[in-house]
Amino acid sequence: SQTRFDRFHTLLQSLDYEAVYLLVDGIDAYLETQRDPAATVEALQPLLGRTLEWSERDIYVKYFLPLELRKPLRERASFLLTNRDNVAIIEWTPDTLREVIGRRLQAAAGEYRAITSLDALCTPALRGAEDELLQTARPFPRDLVMLVEQMFIEHVWRVGAHGRLEPEDLDAAIGWYRRFETTGSS
């Protein structure tokens with residue numbers, strides 16, 4: 001509401017901030033974004049409509065949006081589109097996605113940071129699981145991380161929190177992911 005925004009702005013002024021940046025991310029986490037980009041832009045309209053007004057008060061919104069929204073944004077909110085110099089398009093390659101897996105594993109391993117690949121956690125029958133995960137998931141870190149996480153969940157459901165990952169864990173996770181991708185729910 002406008003009252004809440006005004007209170008927020010007053011608080012920011014009292015803290016003596018020069019500017020505030022609101023980051024909008026995760027829009028591509030929803031299958032509806034891919035299925036109906038125009039509806040997604042419509043859902044964003046309340047935020048899009050205030051972006052210019054807020055910028056006059058030194059509150060700037062930075063959007064991290066999927067490419068599918070480019071055309072509907074041009075049609076509905078072209079005033080917000082910046083010139084090409086201010087647009088960055090992130091293209092995820094298999095190597096950068098492998099790096100995402102490695103960094104997540106390192107963070108989860110804590111003091112045992114030597115774990116940088118799923119191979120360290122798999123039986124020999126499952127070596128190279130990352131290749132199959134990369135072929136299955138959409139080429140977005142969020143999807144890949146969700147699929148890897150589901151593989152661990154499937155393993156724990158199957159045998160508990162011990163042992164190494166097996167092909168059954170990967171197969172179950174891939175089945176789950178395909179159902180999720182189709183229906184949008186687990």
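## Packing of H5 and H6

H5 packs against helix H6 (residues 129–136) at an angle of about 115°. Their axes are 11 Å apart. The crossing of H5 and H6 is right-handed. On the H5 side, Pro 94, Leu 97, Arg 98 and Ile 101 make the contact. Glu 130, Asp 131 and Leu 134 contribute from H6. By class, the residues of this contact split into 4 nonpolar and 3 charged, with no polar ones. This model is predicted.

## Overall architecture

The protein holds 8 helices and 2 strands. From the N terminus, the elements follow the order α-β-α-α-β-α-α-α-α-α. The protein has 186 residues, and 32% of them count as buried.

Contacts reach along the chain. Taking those between residues at least 6 apart in sequence, 62% link residues at least 24 apart. The accessible surface amounts to about 12100 Å². Carbon and sulfur atoms account for 53% of that surface.

## Arg 104 on H5

Arg 104 also belongs to H5, which spans residues 94–109. Is Arg 104 buried or exposed? Its relative accessibility is 51%, so Arg 104 counts as exposed; the cut-off for exposed is over 50%.

Arg 104 and Val 148 are 44 residues apart along the chain. Their C-alpha atoms are separated by 9.9 Å.

## Asp 169, a buried acid in H8

Asp 169 sits in helix H8, which covers residues 167–183. Its relative accessibility is 0%, so Asp 169 counts as buried. Buried here means under 20%.

Which side chain makes a polar contact with the side chain of Asp 169? The partner is Arg 158, at 2.8 Å. The backbone of Glu 166 takes part as well: its nitrogen lies 2.8 Å from a polar atom of the Asp 169 side chain.

Asp 169 has further neighbours. Setting aside residues up to four places away in sequence, Asp 169 touches Met 151, Glu 154, His 155, Arg 158 and Arg 164. Arg 158 thus appears both in this list and in the side-chain polar contact.

## Thr 123 in the H5–H6 loop

Thr 123 lies in the loop between H5 and H6. Its relative accessible area is 12%, and Thr 123 is therefore buried.

What does Thr 123 contact, leaving aside its neighbours within four places in sequence? The residues are Arg 164, Leu 165, Glu 166 and Pro 167. Two of these names recur around Asp 169. Arg 164 touches Asp 169, and Glu 166 offers its backbone nitrogen to the Asp 169 side chain at 2.8 Å. Pro 167 falls within the range of H8, residues 167–183.

## Two aspartates with positive phi

Asp 16 is not a glycine, yet its phi is positive, about 65°. Asp 16 is placed in the loop between helix H1 (2–14) and strand E1 (20–24). With a relative accessible area of 67%, Asp 16 is exposed.

Asp 58 also has a positive phi, near 65°, in a residue other than glycine. Asp 58 lies in the loop between helix H3 (37–55) and strand E2 (59–63). Why does Asp 58 count as partly exposed? Because its relative accessibility is 35%, and partly exposed runs between the 20% and 50% cut-offs.

Note on methods: Residues are numbered from 1 along each chain as its sequence is written. This is a predicted model: local features need pLDDT of at least 70, side-chain atom pairs count only at pLDDT 80 or more; totals for chains, interfaces and linings use all residues. Side-chain values use heavy atoms; hydrogens and water are left out. Helices (H or I, at least four residues) and strands (E, at least two) are DSSP runs, numbered from the N terminus. Buried means under 20% relative accessible area, exposed over 50%, partly exposed in between (1.4 Å probe, protein chains only). Contact means heavy atoms within 4.5 Å. Accessible areas come from the Shrake-Rupley method with a 1.4 Å probe; for residues, only the protein chains shown count as cover. Axes are lines fitted to C-alpha atoms, for helices over the stretch in contact, and angles run from 0 to 180 degrees between N-to-C directions. A crossing is left-handed if the near helix is turned anticlockwise from the far one by less than a right angle, and right-handed if clockwise. Ala, Val, Leu, Ile, Met, Phe, Trp, Tyr, Cys and Pro count as nonpolar, Asp, Glu, Lys and Arg as charged, and the others, Gly among them, as polar. A polar contact is a pair of N or O atoms within 3.5 Å; within protein, one must be able to donate a hydrogen and the other to accept it, and residues adjacent in sequence count only if both atoms are side-chain atoms.
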